[in-house]
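Biologist: I would like a close look at a single part of this model, taken slowly enough for a first-year student to follow. Could you choose one part, describe its surroundings with care, and then set it beside a few other places in the chain?

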Amino acid sequence: MERFFVGGDILMAQGGIIMPSCTTSRVGLTGMKNLGNSCNLNSIMQVLFTIPDFQTKYVSNIEKIFNEAPSDPTQDFKTQVAKLGYGLLSGEYSKPAPDPGDDPSTSTEPRGDQVGIAPRMFKALVGRGHPEFSTNRQQDAQEFLLHFINMVERNCRSGMNPSEAFRFLVEEKIVCQQSQKAKYTQRVDYMVQLPVPMDQATNMEELQEAERCREEAESSGAPPPAAPRAQIPFAVCLAALSEPETLTDFWSSAVQAKTTATKITRFASFPDHLVIQIKKFTFGLDWVPKKLDVSIDVPDTLDLSSLRAMGQQPGEELLPEVAPPPLMTPDVEVKAPVLDDSTVSQLCEMGFPLEACRKAVYYTGNTGIDAAMNWVMGHMEDPDFSAPLVYPGSSSAPGTTPTESLPKEHLATIISMGFSRDQATRALRATNNVLERAVDWIFSHLDDLESMDVSEGGRSEGGSEASREPPPGPRVRDGPGKYELFAFISHMGTSTMCGHYVCHIKKDQQWVIFNDQKVCASEKPPKDLGYLYFYRRVVE
């Protein structure tokens, strides 16, 4: 049985007849029109505006935002977000859609879907200039969420920043296996990405038998049987994230050589709201994007307390801060090689960043698409995966960026996260102006930056070491690592290039499905088939 939220009533569909039921509030039950490829945007924005930070920032202050809007509000980020948020939360736009075959003056039966909101101005603004979100192609919800968070960061450099609800610190501990000395680094993140270990499915025998039947049907020309869905325990996915990773080509400053190391990733802080992505999208043997058909028993409550970082342990020695030897002498200028443009183009058409594609072709020596694709798949988790390609020994190596060429937007974004202008400048110079790498660099060099500030006169005249304030760090919230599920987004389809997104949100202990314009009560939400899961902290 489906129960539709229309106007002020819940309308229950029984035997094809929709009848009014108990009255409920319309607030937060407004649908959104699909503009052709905006189902991912619709789902993300529905979830975000259930979070108090976004409600306070954009809806509670809507009169002030409108009064301060520029002469052309269609190009103002804050105005467009506030307008969309008010439309979703006010209930004024959750009117029933008229039946095209009925005369509006005589029709008394409402329909299950609503007129809803058409977010055309909002979509045009947030997609402007983006190589994917400015097009009419199908998009990934996870990528849109991170894109939108990045826009919020850029537009909230002063005052309240609602993206802080998701921001947390990750600690990475690398231990040299030869010297047993460790290195600690921290980085900012907004989302936990869980791998899907297909080899640990609980119904492995059923999957193997289905694959055998498929191969037999294929060889005989018969239609293939329906494939069963892999059953993956959530605990296995979480374990795959937290287990130590072996680094086989790690340069150890302790032994001054490459050796083996282990990397352990933990939470240095726990955010108010935790986003978990199930990494369902991958590539087949033919490099065609595909989606893993899996069922994961995602829990309603989550306790990640055991994954909190502990920092340096008593008696534990740290790796010396010594840079690895240069690949070439500094006075050797390397001429940029000619890259195979056709291979670069093929990789770009698959959706990979341009710079990552150029690096793949360069590091595989122009040997073709297969070798380049293997390189891409092996380096997708690298922090500098999409950073610009810098040839060894070239004059464009990191650290040579002049001050006047620093991107002002990147500089302002880092400063808005709580760092000083000098720290942001040094980080961008050291990472060739790549924003994500610059933030990681700051966390890895906080002690060095502090000592540099002192040696370069950063201390105020007459001030003492005791009176000097410590360098600012990132603004992150922290608390217990216990959470409860309040929303999830599902993808229906075989790959990111096709399909449809819907979201389920828990409203007053009732799960509600938002499927573009249609907003219905969900009696049995398919929590095991989600793609993005949203948790909020449980305060005991």
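Modeller: What follows begins with the whole protein, goes on to one helix and its neighbours, and ends with some other sites.

This is a predicted model, in which local features need pLDDT of at least 70 and side-chain atom pairs count only at pLDDT 80 or more, while totals for chains, interfaces and linings use all residues. Residues are numbered from 1 along each chain as its sequence is written, and side-chain values use heavy atoms, with hydrogens and water left out.

The protein contains 15 helices and 19 strands, these being DSSP runs numbered from the N terminus, with helices (H or I) of at least four residues and strands (E) of at least two. Of its 540 residues, 43% count as buried, a word that stands for under 20% relative accessible area, with exposed for over 50% and partly exposed for what lies in between (1.4 Å probe, protein chains only). Among the contacts with a sequence separation of 6 or more, 67% are between residues 24 or more positions apart, where contact means heavy atoms within 4.5 Å.

The part to look at closely is helix 1, which spans residues 39–48. Ten of its ten residues are buried, so helix 1 is largely enclosed by the rest of the structure; the buried residues include Cys39, Asn42, Ser43, Gln46 and Val47.

One neighbour of helix 1 is helix 6 (residues 141–155), and the two axes come within 9 Å and cross at roughly 55 degrees, the axes being lines fitted to C-alpha atoms over the stretch in contact and the angles running from 0 to 180 degrees between N-to-C directions. Helix 1 and helix 6 are therefore oblique to each other, since angles under 35 degrees count as roughly parallel, over 145 as roughly antiparallel, 65 to 115 as roughly perpendicular and the rest as oblique. Their crossing is right-handed, as opposed to left-handed; the near helix is turned clockwise from the far one in a right-handed crossing, and anticlockwise by less than a right angle in a left-handed one. From helix 1, the contact is made by Asn40, Leu41, Ile44, Met45 and Leu48, and these meet Ala141, Phe144, Leu145 and Phe148 of helix 6. By class, this contact of helix 1 with helix 6 has eight nonpolar residues, one polar and no charged ones, where Ala, Val, Leu, Ile, Met, Phe, Trp, Tyr, Cys and Pro count as nonpolar, Asp, Glu, Lys and Arg as charged, and the others, Gly among them, as polar.

Helix 6 also packs with helix 5 (residues 120–127), at an angle of about 80 degrees and with the axes 11 Å apart. These two helices are therefore roughly perpendicular to each other. Phe122, Leu125 and Val126 make the contact from helix 5, and Phe144, His147, Phe148 and Met151 make it from helix 6. The residues of this second contact divide into six nonpolar, one polar and no charged.

The loop between strand 3 (17–23) and helix 1 holds Asn37, which is buried at a relative accessible area of 3%. The side chains of Asn37 and Lys123 are joined by a polar contact of 3.4 Å, that is, a pair of N or O atoms within 3.5 Å, one able to donate a hydrogen and the other to accept it within protein, with residues adjacent in sequence counting only if both atoms are side-chain atoms. Setting aside residues up to four places away in sequence, Asn37 touches Lys123, Thr135, Asn136, Arg137, Gln138 and Gln139.

Elsewhere, Val275 of strand 10 (residues 273–278) is also buried, with a relative accessible area of 1%. The C-alpha atoms of Val275 and Gln142 are 9.8 Å apart, although 133 residues separate the two in sequence, and the residues that Val275 touches include Leu145, Phe166, Tyr190 and Phe534.

Exposed sites give the other side of the picture. Thr248, in strand 8 (residues 245–252), counts as exposed at 64% relative accessibility, and beyond its neighbours within four places in sequence it is in contact with Thr259 and Thr260. In the loop between strand 16 (500–507) and strand 17 (510–515) lies Asp508, exposed at 79% relative accessibility, with a positive phi near 50 degrees in a residue other than glycine. Gln509 lies in the loop between strand 16 and strand 17, is exposed at 69%, and has a positive phi of about 65 degrees although it is not a glycine.
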